Amino acid sequence: LWHQITVTFESTSHKSFLDGILFDTISKTQTNYSATYYYYVGSGKNASWTNTGNMTFSGNISNFLFYNRALTAQEILQNYNATKRRYI
């Protein structure tokens, strides 16, 4: 089954959405882009996660979009509803 995952970073908040619905919020301070940040599509590494080390996504990624601002929950749900019929 295809699902839409959306992750936003804004000020001190990291929010994750599954199929347009918020499912997780983490407090994290992040400034604007810095050369010391690394962003990974489908994988990542963070020492503060429960399972430290490299994490990889096991599946397929159809599309990837990057915005210059954090989308609102309403915009995320709107995007999901506009595209969900493509993957049924």
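Let me start with Asp 19, which is buried, with a relative accessible area of 18%. The cut-off for that word is under 20%, so Asp 19 at 18% counts as buried. Please keep in mind throughout that this is a predicted model.

Where is Asp 19? Asp 19 sits in the loop between strand 2 and strand 3. Its phi is near 50°, a positive value, and the residue is not a glycine. The loop belongs to a hairpin made by strand 2 and strand 3, with two residues between the strands.

Now the strands on either side of that turn. Strand 2 covers residues 13–18 and strand 3 covers residues 21–27. The two run antiparallel, and six bridges join them. Two of the pairs are worth pointing to on the screen. Leu 18 has Ile 21 in strand 3 as its bridge partner. Further along, Ser 16 stands opposite Asp 24, again in strand 3.

Next, the whole sheet. How many strands form it, and in what order? Three strands form an open sheet, in the order 1-2-3, and the pairing is antiparallel. Strand 1 and strand 3 are the edge strands, each of them pairing on one side only. From one strand to the next, the twist averages 20°. As a general reminder, strands of a sheet pair through backbone hydrogen bonds, either parallel or antiparallel.

There is a second loop to look at, the one between strand 1 and strand 2, and Ser 11 is found there. Ser 11 also has a positive phi, near 55°, and is a residue other than glycine. Is Ser 11 buried or exposed? Ser 11 is exposed, at 56% relative accessibility. To put the two loop residues side by side: Asp 19 has 18% and counts as buried, while Ser 11 has 56% and counts as exposed.

Now the surface. Which residues make the nonpolar patch? They are Ile 5, Val 7, Phe 9, Leu 18 and Phe 23, and the patch comes to about 450 Å². Strand 1, residues 5–10, gives the most to this patch, with three residues. Phe 23 comes from strand 3. At 51% relative accessibility, Phe 23 counts as exposed. The cut-off there is over 50%, so Phe 23 at 51% falls in the exposed class. Leu 18, another member of the patch, is the residue we met earlier as the bridge partner of Ile 21.

On to the later part of the chain. Helix 1 spans residues 73–83, and Asn 81 lies in it. Asn 81 is partly exposed, at 38% relative accessibility. What is the separation between the C-alpha atoms of Asn 81 and Gly 20? The separation is 7.8 Å, although the two residues are 61 residues apart along the chain.

Last, salt bridges. The count comes to one. Which side chains meet in it? Those of Glu 75 and Arg 69, at 2.8 Å from N to O. Both partners fall in the middle class for exposure: Glu 75 is partly exposed, with a relative accessible area of 24%, and Arg 69 is partly exposed at 46%.

To recap, we have an open antiparallel sheet of three strands, a hairpin with Asp 19 at a positive phi, a nonpolar patch of about 450 Å², and one salt bridge, between Glu 75 and Arg 69.

Conventions:
Residues numbered from 1 in each chain as written. Predicted model: local features only at pLDDT ≥ 70, side-chain atom pairs only at ≥ 80, totals over all residues. Heavy atoms only, no water. Pairing = 2+ DSSP bridges. Helix = DSSP H or I, 4+ residues; strand = E, 2+ residues; numbered from the N terminus. Salt bridge = Lys/Arg side-chain N within 4 Å of Asp/Glu carboxyl O. Buried < 20%, exposed > 50% of the residue type's maximum accessible area, 1.4 Å probe, protein only. Patch = residues over 30% accessible without salt bridge, like charges linked within 9 Å, V, L, I, M, F, W, Y side chains within 5 Å. Areas by Shrake-Rupley, 256 points an atom, 1.4 Å probe, with all protein chains shown as cover. Axes fitted to C-alpha atoms, helices over the stretch in contact; angles between N-to-C directions.
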